[in-house]
Amino acid sequence: MHQLSNYIREVKRNDSKPEYKFSIITPAYNVENYIEETIESVFEQNWLENNKNQIQMIVINDGSTDNTWDKMKKSLGKYSNLVIINKENTGVSDSRNTGARYALGKYWNFLDSDDKLGESAVYNVNKILEANPDLKLVKMNRRYFEKYNGTPEFYMGDLKYSQTINTAKDPYHPIIHMSSIFFDNQLWDKDMFPVHLTYGEDAWVAGIMIEKVKEIYFSFEAVYCYRRRYSEDSIVDQHKGDPRKYIDQVRDFYIPYFKYIKKRFGFISSHIQSMIILYFSWNLKNKDDYDFLTKNYKDEYLEALYDTLSYCQSEVIMGETRLLNYYLRHTLLILKNTGEIPKNNLFYEPIIENIEDKETPVIRDYRNKRIERWDIRKARITVLKSLNGYVSILGDINTIFDLKFNENFKICFENSFGERFYFQKEFHTPFKSYWIMNDILKQVIGFSDNIPNAFFINSKYVRLLGFFKVDNKWYETQFDLNFVGHFAWLVNYTEGSFFPIDNKLVTYNRESKQFELEHLTKKNIKKNEDLVSNSLLSRDTKEDEHQIKKILLWRKTANILKGLKEKYKLTINCYMDRHNSSWDNATALLLEHNKHITSDTKTKNYFIVDKKSKSYRSLKKKNIKVIPFGSLRHKLLFLVADRLISSQANIANYNPFRKIWNNKMNDKLNFEYVFLQHGVNLRKLATYRDPWMTRTKLGIDQIIATNKLEYEHLTDTSNGSEFLPESVKLIGMARHDLLEVKKEPIETGSPKKILVMPTWRKNLSIWKSGDYVYNPAFKNSEHFMAWNSVLNNPKLRSFLSEYNAQLIFAPHPLEQIQIDDYDLKNVDQIIQKVVNYNKLINKTDAFITDFSSLGLDYFYENKPIFILNTNDDYWENFDNVLNYQSGKFGDVSRDVDGLVENVIVSLKNNFEVPSERKKFRDQFYKSEIGINISKEILLETNILNKK
């Protein structure tokens, strides 16, 4: 046995009579920042108010090298039922086995050392056990806290209430975390945790216990608080991309476990199979490019996985709908039967069958089960919009058929005259496609085009046809359609959904599977709106009837106002930057637009911003028509406007109804959304890993790119952005018209000002009740500690004083809420309010940042930028050459000391930018130099030429 030292408080076991109701066993390794909080969460359980001394806690220090043991000893003086053990480092499994030897409770739990029990966890667990005396296992509902919020247990997502799960009848709720389970100690076998496993020791034990009793109670009310650290230094975080989770797990865990279970229980249950499938499903769904995942390694892993699947039934694999997508289930089925995985999108060869007196291609799987028919396929239309004489179409087809655009597959619209419009533009949808270990397993086929309005106008109907070729013969089908989009009256599965094309109103008939056209009259509009209204009110929805009626009332009001607008032939443009600030690209563009508006014009421009903001007052002084964000007038304008021109793409920044009504209020079919990228971007705006800047998600009609890389990225559909080239304009930044390009050196002796502004970290922010609120854990993050160190570096402070320079600190607008965390005694000026950044850039001489796009504005002005590339930065660039880290835009440092040295060197040189950097600046901003950028945007987007 390993050596134990400083074992505190003698424990005497009496197996016939437990000393406590509950024993909590916690192994601890290098958790000095968390262990006291964990211990406190146990002994502050509200259940203890009426059940004193009924909880025992055993904490095992597993050879920590930090102050964990000292913190444990400190807690010992507070709690009489705390037992602490100090031992050499032997791992979590051995530590748990050690702690179990001293557990005296009837029910045990293995709490992790950086997690917590919810304050009523034991109360709710005890309540369940008292009501169910034969119950042996209770599973608490895990919830993230600190870095993330929410629940990580997606495989429990279908459960709507607390209940007993019989794993013999329902094997698809695998339990793999012992930390969130309370169990009867009679289920414990001596030294039950397998010390040979690096990963999977929890599942090993949980699976055996469940096999013994076949039942476990899942409780929503009993909460296990599962910490995801800001520091990302937990075992879970540090082991991301560990190759031992792949081949080693097959050899050390999956196959030995299957053999053990079969030997002990006589068979391998569906629940045990489901549990192992859960484990390797994470590997299969991985999209990260880990270095070890070479082709040879992946082939070797799949070969090992083939051995694992020999223990799994096909029915269990195909039943794993929560863990595995459709294509991964079929991949495992094929791998189990052939030892290979599908290649190049081909899962099964199509065959021709006669169904209902019609020949059609079908797919049968290895069970000879028919799984798809070509004659009943569905397509998804993700954008349908009539603008500038064209209907913009974006769609995709998700099918196991191996479709190759314009080779064995064609798709077209057909109208009632028999005319056909064949789609010619294929786009790739990597973020909609399906992956296996960072390789695309199945590509969703996408199509897009702009179809002339005339194709629709005089037709009675339009339908979508698909053609698939098998053995040189084409087979036709009429697609049923699903709709996804941001269009108020184009609602999926809602009767009466419609959109206008010129003088026609287009609806979708689900029975005939086609668009039908009728005259665009008030009577027809009302008829279809009533159908939509009744459908919304009658459907089974989470929204209450009162909420829906409010939405419908707003819609009717909007229709009345649109009639008045059309009567007076008005054009209404809503300009916005952030909901609480201005002086970004939208402000600059509005100032230029107003120059071209005469007193008798029918064009009305409005700027939307929070009435409490400084921007509201400053814009009114410039005789700009300013509307308070979220006001009644804003909501009415939002519903009737012809155009939204915004430098913020997030719907919460521009929608007065916010996210809750985004698909029911704003009728984007009748207006354009022009997005002005709010900063020169060197980073990808849409990727398969984070498909944020996509056309269907944001409903953007035109987007202004600010540099060549951004333009190429947005128009390359392989990135998943979905923008057609004609929707993206490479022009530049409107706000650059307001910047003063530095042409002469700073006068010697003049005071120099340096702006410090790290960019926002979404993962360090807490969104609550429609806004960001203070996060008490922010100051524990690496991001905060690095930048607080910059502001208080003594060497930097000394040189700033010597060279007559000042330090100005401006936290990102979304991080202003955290400003009190910083030590600001060495800062000369603090920007605590949202300001006119153009003026701030013009008045300062240098910029310190991480990857804030504001740095590129300093670069535009020929002023130096200094970049701190900290470990918490998420760098995802367009390429490996033109990026912040390359040093082409400014000096880059990996630590604070390096940053300070770069600032000092430049300060001694009077902040003069090297000539080669100036030359690169002229090349990078080639499209902007010498032109009125704002006017060019107005012309290219046709804003000045419309109505």
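A residue counts as partly exposed when its relative accessible area falls between the buried limit of 20% and the exposed limit of 50%. By that criterion Lys795, with a relative accessible area of 39%, is partly exposed. The model discussed here is a predicted one, and Lys795 offers a convenient way into it, as this residue takes part both in a salt bridge and in a contact between two helices.

Side chains of opposite charge can pair when their charged atoms come close. Lys795 pairs in this way with Glu901, and the closest N and O atoms of the salt bridge are 2.2 Å apart. The two residues are 106 positions apart in the chain, Lys795 belonging to helix H22 and Glu901 to helix H25, and the pair thus links distant parts of the chain. Glu901 is likewise partly exposed, its relative accessible area being 35%.

The helices that carry this pair also pack against each other. Two packed helices are described by the angle between their axes and the distance between the axes. For H22 (residues 794-802) and H25 (residues 896-908), the axes come within 10 Å and cross at roughly 10°. Angles under 35 degrees count as roughly parallel, and H22 and H25 are therefore roughly parallel to each other. On the H22 side the contact is made by Lys795, Leu796, Phe799 and Leu800, and on the H25 side by Val900, Glu901, Val903, Ile904, Leu907 and Lys908. Sorted by class, this contact comprises seven nonpolar and three charged residues, with no polar ones.

A second helix pair invites a look alongside the first. Helix H7 (residues 247-265) and helix H9 (residues 295-309) have axes that come within 10 Å and cross at roughly 0°, which makes H7 roughly parallel to H9. H7 contributes Ile247, Val250, Tyr254, Ile255 and Phe258 to the contact, while H9 contributes Tyr297, Glu300, Tyr301, Ala304, Asp307 and Thr308. Eight of these residues are nonpolar, one is polar and two are charged.

Turning back to charge pairing, the structure holds 49 salt bridges. One of them joins Glu37 to Lys116, with 3.2 Å between the closest N and O atoms. Glu37 sits in helix H1 (residues 35-43) and Lys116 in strand S6 (residues 116-117), so this pair ties together parts that are 79 residues apart in sequence. Glu37 is partly exposed, at a relative accessible area of 31%. Arg377 and Glu372 also meet in a salt bridge, at 3.5 Å from N to O, and both of these residues are buried.

How values were computed
Residues numbered from 1 in each chain as written. Predicted model: local features only at pLDDT ≥ 70, side-chain atom pairs only at ≥ 80, totals over all residues. Heavy atoms only, no water. Axes fitted to C-alpha atoms, helices over the stretch in contact; angles between N-to-C directions. Helix = DSSP H or I, 4+ residues; strand = E, 2+ residues; numbered from the N terminus. Parallel < 35°, antiparallel > 145°, perpendicular 65-115°, else oblique. Contact = heavy atoms within 4.5 Å. Nonpolar A, V, L, I, M, F, W, Y, C, P; charged D, E, K, R; others polar. Salt bridge = Lys/Arg side-chain N within 4 Å of Asp/Glu carboxyl O. Buried < 20%, exposed > 50% of the residue type's maximum accessible area, 1.4 Å probe, protein only.
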